[in-house]
Amino acid sequence: MTDNTVIFAIFLIFSGAAILSTVALYTRQSLLVAYMLLGILLGPWGLKLFANANMVHQTGDIGIIFLLFLLGLNLHPQDLVHMFRKTFLVTIASSAVFLGLGFGVTYLFGFSVTNSLIVGVTVIFSSTIIGLKLLPTTVLHHQHTGELVISILLMQDLIAIFALFAIHLSSLHSVNIGHVVLVVGSLPLLFLVAYLFVRFVLMKLFSHFDQMHEYMFLLAIAWCLSMSELAKALGLSYEVGAFIAGVTIAASPISLYIAESLKPIRDFFLVLFFFAVGASFNLHYFPVVVWPALVLSLVLLIAKPLVYRFLLRRVSETRRVGWEVGFRLGQTSSFSLLIAYLAASSGLISNSASYLVQATTIITFIVSSYIVVLFYPTPIAISDKLRRD
């Protein structure tokens with residue numbers, strides 16, 4: 001879509017999303033599936049109306065930043081520390097199991113040890129977008145399940161950050177120990193900087209201009225994006241910075257107003273994100289990876305609920321909570337796509353292994369979101385009984 005304007009691009013995406021979403025609702029499908037199918041249909045490997053989905057993908061990533069910011073607004077720091085203590089061993093143990101399953105399935109289909117190992121790493125992670133987009137606000141505020149899902153996802157995000165850093169280091173001719181020290185020390189430093197700025201600057205501004213809603217809205221967006229940029233500069237990710245920005249003002253009475261104000265912006269960018277996921281998939285590789293992707297997806301869709309149920313029972317959670325967390329986290333992640341892309345561009349894995357990860361991600365996105373929408377409370381549930389925002 002090199003000759004079309006940005007306005008025409010947005011017209012295509014949102015008009016197409018509206019049409020496919022209508023079909024999805026009538027056929028009791030997830031809206032997320034409609035967005036991804038639209039990307040495949042209009043993207044470089046479909047009708048070619050978008051010759052390059054990178055711009056859309058980068059724009060959609062803004063939705064992830066706002067999503068993590070909103071989640072941080074709903075979690076007080078003391079609650080977060082308590083949940084991390086409970087889910088640390090669950091996350092580490094489950095990551096080891098999923099890595100082993102991903103490696104084993106990939107290796108059995110003839111991929112090399114290195115390819116299989118990196119594919120195994122990619123399937124550790126569950127989608128922050130799927131997991132949190134399908135959590136209703138009532139779950140975040142009033143139910144223990146939402147806190148478990150969030151804490152596991154955030155710990156996985158930290159693991160993903162270190163995995164990305166490790167892949168980056170492995171592609172270099174020499175390792176700079178300074179980079180390692182920077183990543184390890186940057187997280188507590190980021191928390192400290194955020195806490196001090198909020199306490200001595202941001203809260204004073206919010207209190208002094210609390211009647212100027214437009215100003216508070218702009219200040220909240222500036223705070224979110226500033227922390228995201230600072231986190232990136234320190235070797236972390238935009239998402240971690242956005243989450244810390246939200247957590248540090250979660251105790252403020254203004255956090256509820258900010259959360260409600262930013263929801264429409266978040267939803268706008270998330271439509272672009274899921275469109276870009278579909279548009280980035282290369283259909284030419286599909287015959288090569290279809291069977292490994294189907295088998296790997298099936299293994300993960302079955303194993304993740306079982307593993308999370310078993311591990312959460314070991315830390316005194318109920319069977320019902322274990323099942324729900326497992327199904328909500330039953331897919332792979334956008335981090336999986338990012339890790340596979342970086343590994344392929346660094347020459348660590350083959351293109352076929354990279355597209356295996358892409359295919360597995362799309363399949364598990366679709367099936368997992370479909371299961372959650374049908375059987376658990378979500379803002380986009382088909383059933384009126386399960387629809388909660």
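Reader: Before we get to arginine 328 and glutamate 324, what counts as a salt bridge here?

Author: A salt bridge is a side-chain nitrogen of Lys or Arg within 4 Å of a carboxyl oxygen of Asp or Glu. In this predicted model, arginine 328 forms one with glutamate 324, where the closest N and O atoms are 3.0 Å apart. The two residues are separated by about one helical turn, because they lie 4 residues apart in helix α14.

Reader: What else does glutamate 324 meet in a salt bridge?

Author: The side chain of arginine 320 also meets glutamate 324, at 3.5 Å from N to O, and this pair too lies in helix α14, 4 residues apart. The count for the model comes to 2 salt bridges.

Reader: Are the three residues buried or exposed?

Author: Arginine 320 is exposed, with a relative accessible area of 53%, whereas glutamate 324 counts as buried because its relative accessibility is 5%, under the 20% cut-off. Arginine 328 counts as buried as well, at 1% relative accessibility. Through shared partners, the salt bridges join Arg320, Glu324 and Arg328 into one network.

Reader: Which side chain reaches the backbone oxygen of arginine 328?

Author: That is glutamine 331, whose side chain comes to 3.2 Å from this oxygen. Glutamine 331 sits in the loop between α14 (319–328) and α15 (334–345), and it counts as buried, with 0% relative accessibility.

Reader: And what does glutamine 331 touch, leaving out residues up to four places away in sequence?

Author: Its contacts are Phe125, Ser126, Ser127, Ile130, Lys304, Thr364, Phe365 and Ser368.

Reader: Switching to the surface, which residues make the nonpolar patch?

Author: Leu189, Leu192, Val193, Tyr195, Leu196, Phe197, Phe200 and Val201 make a nonpolar surface patch of about 690 Å². One of them, leucine 192, is placed in helix α9 (residues 177–208) and counts as partly exposed, at 46% relative accessibility.

Reader: How many residues of α11 are buried, by contrast?

Author: In helix α11 (residues 238–247), 9 of the 10 residues are buried, so the helix is mostly covered. For the chain, 52% of the 389 residues count as buried.

Reader: Last thing, where is confidence lowest and where is it highest?

Author: Confidence is lowest in helix α7 (residues 137–142), at a mean pLDDT of 50, and highest in helix α5 (residues 113–122), at 95. The mean pLDDT of the chain is 82, with 85% of its residues reaching 70 or more. Where pLDDT is low, the predicted coordinates should not be read in detail.

Methods: Residues numbered from 1 in each chain as written. Predicted model: local features only at pLDDT ≥ 70, side-chain atom pairs only at ≥ 80, totals over all residues. Heavy atoms only, no water. Buried < 20%, exposed > 50% of the residue type's maximum accessible area, 1.4 Å probe, protein only. Polar contact = N/O pair within 3.5 Å; in protein donor to acceptor, adjacent residues only side chain to side chain. Contact = heavy atoms within 4.5 Å. pLDDT = per-residue confidence, 0-100. Patch = residues over 30% accessible without salt bridge, like charges linked within 9 Å, V, L, I, M, F, W, Y side chains within 5 Å. Areas by Shrake-Rupley, 256 points an atom, 1.4 Å probe, with all protein chains shown as cover.
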